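This report goes through one protein model, from single residues to sheets and helices. The sequence and coordinates come next.

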Amino acid sequence: MNRWGMSTQQRRAYERVRGGRSFGAGAKAAVLGLVLAIAGFAFTVRLGRAETSVLDPAGPRAARIAELWWVMFALGIAVFVVVMGLLLVAIFRGKRGSDTEERGPFTGTGFVALGGAVIPFLILMIVFGATLWTLIALAEPEGPPGLTIEVAGHQFWWEVRYPDQDVVTANEIHIPTGQPVELKLIGADVIHSLWVPQLSGKLDLIPGKTNTLWLEADEPGEYRGQCAEFCGIQHAHMAFLVIAQPPNEFAEWLDAQREPSDEPAPDSVVERGEQIFLGSACVYCHTVRGTNASGELGPDLTHLASRRTLAAGTLENNLGNLAGWIVDPQSIKPGNKMPATNLGSEELQDLLAYLMSLR
Ligand SMILES: [Cu+2]
């Protein structure tokens, strides 16, 4: 008799029943685990087709990062399968009566040390080595930079300068395909982080410091980027586009952007709009090259109409959205640094005609 008042026979019978019960629960857990694993895999594959997916690289640098991700994923799957296998073995063997009974292969201090310390250490060393290898490969490009671009992160938009070409734009980084491009990253106010998952890893923009990131796209296309460091209330609306173009198209774009804005035709709507613009507070914050407007608190508007989006990817760039933005930027992007401007509807129409002429 033991302390539960059972005979050995009774206890054996009890344990058989208990063993049976825990087998049922274990089988359920195993099925649940399998379902979760399949769901996780399906989710991963779905993510791989998202617009900003690390798993859908469009350049050699992003491809290196994706390879590293797959190595880690494969190791994770292998560990999962082995651990689940051992779990199943434990479940099917049921509960042993006492530790004097014969031992199976997966028992003892040696096995615990091997499975709990030696193998995990080796796996982590493989991951560590592969990560360092990738970091080193991404730190420097294969050749000298064909192009250097300065990107300053502002709350809540991106200033993009091509210092050697005298070009300034915003929220759009045009690059030529097939060559590494050097980005010099500066934080203009707080810390931001630049991330274009299909083209490169992410890197912070820190006030008072210049960080260097390399981008490279194989194919022409538009790749969405996003601020990846919480920087204030409109952090989520701080997106941008990298527009990769064949080198000749890119050169044409640069030539067009280098030009100052066109002189409006005398006595036209556009000219009236220009007067309204130059007579409003707009000029304290915005630059239009070729005019007296030389503010630097907001995006350069010299070629505003050539851009895809307004307010850092928040709105598509069209007449209606532009009107909505100028009348009430705070309801579209609450907390951004542009105040509403009080304009009569006629003035507004003229101003819009002017802004849309800035190609
Ligand atoms: Cu930010």
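## Asp 166 and other backbone outliers

Asp 166 counts as exposed, because 11 C-beta neighbours lie inside 10 Å and the limit for an exposed residue is 12 or fewer. The residue is found in the loop between β2 and β3. Its phi is near 55°, which is a positive value in a residue other than glycine. The model is a predicted one, and these values are computed from it.

Asp 267 has a positive phi as well, near 60°, and is not a glycine. Asp 267 sits in the loop between α4 and α5 (269–279). With 8 other C-beta atoms within 10 Å, Asp 267 is exposed. The peptide bond from Gln 155 to Phe 156 is cis, with omega near 5°. Phe 156 belongs to the loop between β1 and β2. As background, most residues other than glycine have a negative phi, and most peptide bonds are trans.

## Overall content

The protein chain holds nine helices and twelve strands. Of its 359 residues, 25% are buried. Among contacts with a separation of 6 or more, 64% are between residues 24 or more positions apart.

## The sheet containing β1

Five strands make up an open sheet in the order β3-β2-β1-β5-β8, and the pairing is mixed. β3 (167–170) and β8 (211–215) stand at the edges with a single partner strand each, so one side of each has no neighbour in the sheet. From one strand to the next, the twist averages 25°.

Strand β1 (residues 147–154) pairs with strand β5 (residues 181–187) in the parallel sense, over seven bridges. In this pair, Val 151 stands opposite Leu 185 of β5. With strand β2 (residues 157–162), β1 runs antiparallel and is joined by five bridges. Here Ala 152 stands opposite Glu 159 of β2. The connection from β1 to β2 is a hairpin through two residues. Strands β2 and β3 are also antiparallel, with four bridges joining them. One bridge partner pair there is Val 160 with Thr 169 in β3.

## The sheet containing β10

Another open sheet of five strands has the order β4-β10-β9-β6-β7, again with mixed pairing. Its edge strands, β4 (172–176) and β7 (203–205), each pair on one side only. The twist in this sheet averages 30° from one strand to the next.

Strand β9 (residues 221–227) and β10 run antiparallel and are joined by six bridges. Arg 224 has Leu 241 in β10 as its bridge partner. Helix α4 (residues 247–258) lies across β4 and β10, and runs at about 135° to β4.

## The nonpolar core

The largest nonpolar core has 50 residues, of which Val 151, Leu 199, Leu 215, Tyr 223 and Val 242 touch the most other members. Strand β10 (residues 239–245) gives the most to this core, with four residues. In general, nonpolar side chains tend to be buried together in soluble globular proteins.

Which residues does Tyr 223 touch, not counting residues up to four places away in sequence? They are Ala 58, Val 196, Gln 198, Leu 199, Ala 217, Leu 241, Val 242 and Ala 244.

## Helices α2 and α3

At what angle do the axes of α2 and α3 cross? The axes of helix α2 (residues 60–93) and helix α3 (residues 108–139) cross at roughly 175° and come within 10 Å. Because angles over 145 degrees count as roughly antiparallel, α2 is roughly antiparallel to α3.

On the α2 side, the residues that meet α3 are Arg 61, Arg 64, Ile 65, Leu 68, Val 71, Met 72, Leu 75 and Val 79. On the α3 side they are Ile 123, Ile 126, Val 127, Ala 130, Thr 131, Thr 134, Ala 137 and Leu 138. By class, the residues of this contact divide into twelve nonpolar, two polar and two charged.

## Lys 333

Is Lys 333 buried or exposed? Lys 333 is buried, because 23 other C-beta atoms lie within 10 Å and the limit is 20 or more. Its place is in the loop between α8 (329–332) and α9 (345–356).

Not counting residues up to four places away in sequence, Lys 333 touches Gln 234, His 237, Ala 311 and Thr 314. Leu 315 is 18 residues from Lys 333 in sequence, and the two are 10.0 Å apart in space, C-alpha to C-alpha.

Methods:
Residues are numbered from 1 along each chain as its sequence is written. This is a predicted model: local features need pLDDT of at least 70, side-chain atom pairs count only at pLDDT 80 or more; totals for chains, interfaces and linings use all residues. Two strands pair if DSSP finds at least two bridges between them. Axes are lines fitted to C-alpha atoms, for helices over the stretch in contact, and angles run from 0 to 180 degrees between N-to-C directions. Angles under 35 degrees count as roughly parallel, over 145 as roughly antiparallel, 65 to 115 as roughly perpendicular and the rest as oblique. Two residues are in contact if their C-beta atoms, placed from the backbone, lie within 7 Å. Ala, Val, Leu, Ile, Met, Phe, Trp, Tyr, Cys and Pro count as nonpolar, Asp, Glu, Lys and Arg as charged, and the others, Gly among them, as polar. A nonpolar core is a set of buried Ala, Val, Leu, Ile, Met, Phe, Trp, Tyr and Cys residues joined through C-beta atoms within 7 Å.
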